[in-house]
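Biologist: I have the sequence and the model open side by side, and I would love a close look at a single part. Could you take me through the strand you find most worth a visit, and then out to whatever lies around it?

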Amino acid sequence: MILVTGATGTVGREVVRRLPADLAVRIMARNPQRVVGAAETARVVHGDFSDADSLRQALSGVSTVLLVTMPYGHDDERFLRTARAAGVRRVVKLSAAAVADSRAEDLITRRQRRNEQLLRGSGMEWTLLRPRSFMSNSLAWAPSVRSDRVVRALYGTSANSCVDPRDVAEVAVRTLTEEGHAGRIHTLTGPEPITAVEQTAQLAGLLGRPLRFEELGPEGARTALGGRNHPPAVVEALLESAERQRQGAKAHVDTAVPTLLGRPAGTFRGWARDHLGAFAAL
């Protein structure tokens, strides 16, 4: 039995679409009605990381888990303790590439490091997936692209080897269903570093209309992030992360995606082409 958490999130929803229908799959969600795309054979159950009883029920009979938690919410201690007591053998944890950067000390990265340490010390087999930023983060630009034909972002010429979340999901499915990943860390990036200015140009070409890039200063970015309902501490963590990107910390390209999947990692152009409707004017 495989348990998938975070099934309504960016990677989790792609995982449930890719898990073979002949596997025993249970999907845990706070709002089960929001889970879409799962095989008819998968069972969707209610579960909440803050509710020990719901965790015990969700983990009963499970051997392998995909663990996806908000890095600025509850830590993973209760879940991991309950999983081990339930007899779970293996946990695949969605973490973040920044964990490996000794200069990254923002709130989000510190939480991810702690959760990784908790898993490594849990007594269960573990695999860590450390993706770079998701290409889908650019969906935050969609409203201004549609209304004003403009992309607004901080440090527009700083590069990020962002990754297609569908590649992350495909790697997750492999680590959940194959042997040989215990004790391994997979750093997941796209095929090349790309800047927001370059992403803007690619979007413009795909849309067939000009787009303008507008550089946000730190205060403008702080206001924009706060407007997306991020808690203040998370806003500051994201600004710290952007500063590290400006210093070149996120430009490295890793070979894990092509090695594990046997094909090149997906490009931003390919991801944008498949999601172009979100940016197109109504």
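Modeller: Happy to, and let us go straight to strand E2, with the reminder that this is a predicted model. Strand E2 is covered on both of its faces: Val25, Ile27 and Ala29 are buried on one side, and Arg26 and Met28 are buried on the other. Since 5 of the 5 residues of E2 (residues 25-29) are buried, the strand is largely enclosed by the rest of the structure.

Now for the strands that flank E2. Strand E1 (residues 2-4) runs parallel to E2, and 3 bridges join the two. If you want a place to put your cursor, Ile2 has Val25 as its bridge partner in E2. To get from E1 to E2, the chain passes through helix H1 (residues 12-18), and this β-α-β crossover is right-handed. E2 also pairs with strand E3 (residues 43-46), again in the parallel sense, over 4 bridges. There, Met28 stands opposite Val45 of E3.

Let us go back to E1 and follow its pairing with another strand. E1 and strand E4 pair in the parallel sense over 3 bridges, with Leu3 opposite Val65 in E4. Strand E4 (residues 64-67) points Thr64 and Leu66 one way and Val65 and Leu67 the other way, and all of these are buried. E4 in turn pairs with strand E5 (residues 90-94) in the parallel sense, over 4 bridges. Val65 turns up here too, as the bridge partner of Val91 in E5.

A helix residue ties several of these strands together nicely. Leu59 is found in helix H2 (residues 52-59), and its relative accessibility of 0% makes it count as buried. Setting aside neighbours within four places in sequence, Leu59 is in contact with Leu3, Arg26 and Val65, residues you have already met, and also with Phe79, Thr82, Ala83, Ala86 and Val88. For a sense of scale, the C-alpha atoms of Leu59 and Gly227 are 36 Å apart in space, with their positions 168 residues apart in sequence.

Further along the chain there is a second place to zoom in, around Trp271. Trp271 lies in helix H11 (residues 268-274) and is buried, with a relative accessible area of 1%. Leaving out its neighbours within four places in sequence, the contacts of Trp271 are Met135, Ser136, Ser138, Leu139, Asp164, Pro165, Arg166 and Phe279. Thr255 is 16 residues from Trp271 along the chain, and their C-alpha atoms are separated by 19 Å.

The rings here deserve a look. The count of aromatic pairs comes to 3. In the pair made by Trp271 and Phe279, the ring centres are 6.4 Å apart and the planes meet at 80°, so the pair is edge-to-face. Both Trp271 and Phe279 are buried. Together with Phe268, these two form one aromatic cluster.

One of those contacts, Pro165, leads us to helix H6. Its end C-alpha atoms are 18 Å apart, and this agrees with the 18 Å that 13 residues (165-177) should span at 1.5 Å a residue. The buried residues of H6 are Pro165, Asp167, Val168, Ala169, Val171, Ala172, Val173, Thr175 and Leu176.

Finally, two backbone details at either end of strand E7. Most residues other than glycine have a negative phi. Arg149 is not a glycine, yet its phi is positive, at about 55°. You will find Arg149 in the loop between helix H5 (142-148) and strand E7 (150-154), where it is partly exposed, with a relative accessible area of 40%. Tyr155 also has a positive phi of about 55° without being a glycine. Tyr155 lies in the loop between E7 and strand E8 (159-160). Its relative accessible area is 19%, and the cut-off for buried is under 20%, so Tyr155 counts as buried. Arg246 lies over the face of the Tyr155 ring, at 5.4 Å from the ring centre.

Definitions and conventions. Residues are numbered from 1 along each chain as its sequence is written. This is a predicted model: local features need pLDDT of at least 70, side-chain atom pairs count only at pLDDT 80 or more; totals for chains, interfaces and linings use all residues. Side-chain values use heavy atoms; hydrogens and water are left out. The expected span of a helix is 1.5 Å times one less than its number of residues. Buried means under 20% relative accessible area, exposed over 50%, partly exposed in between (1.4 Å probe, protein chains only). Two strands pair if DSSP finds at least two bridges between them. A crossover is right-handed if, with the strands pointing away from the viewer, the path from the first strand over the helix to the second runs clockwise. Contact means heavy atoms within 4.5 Å. Rings of Phe, Tyr and Trp (its six-membered ring) pair if their centres lie within 6.5 Å; planes under 30 degrees apart count as stacked, over 60 as edge-to-face and the rest as tilted. A charge sits over a ring if NZ of Lys or CZ of Arg is within 6 Å of the ring centre and within 35 degrees of the ring normal.
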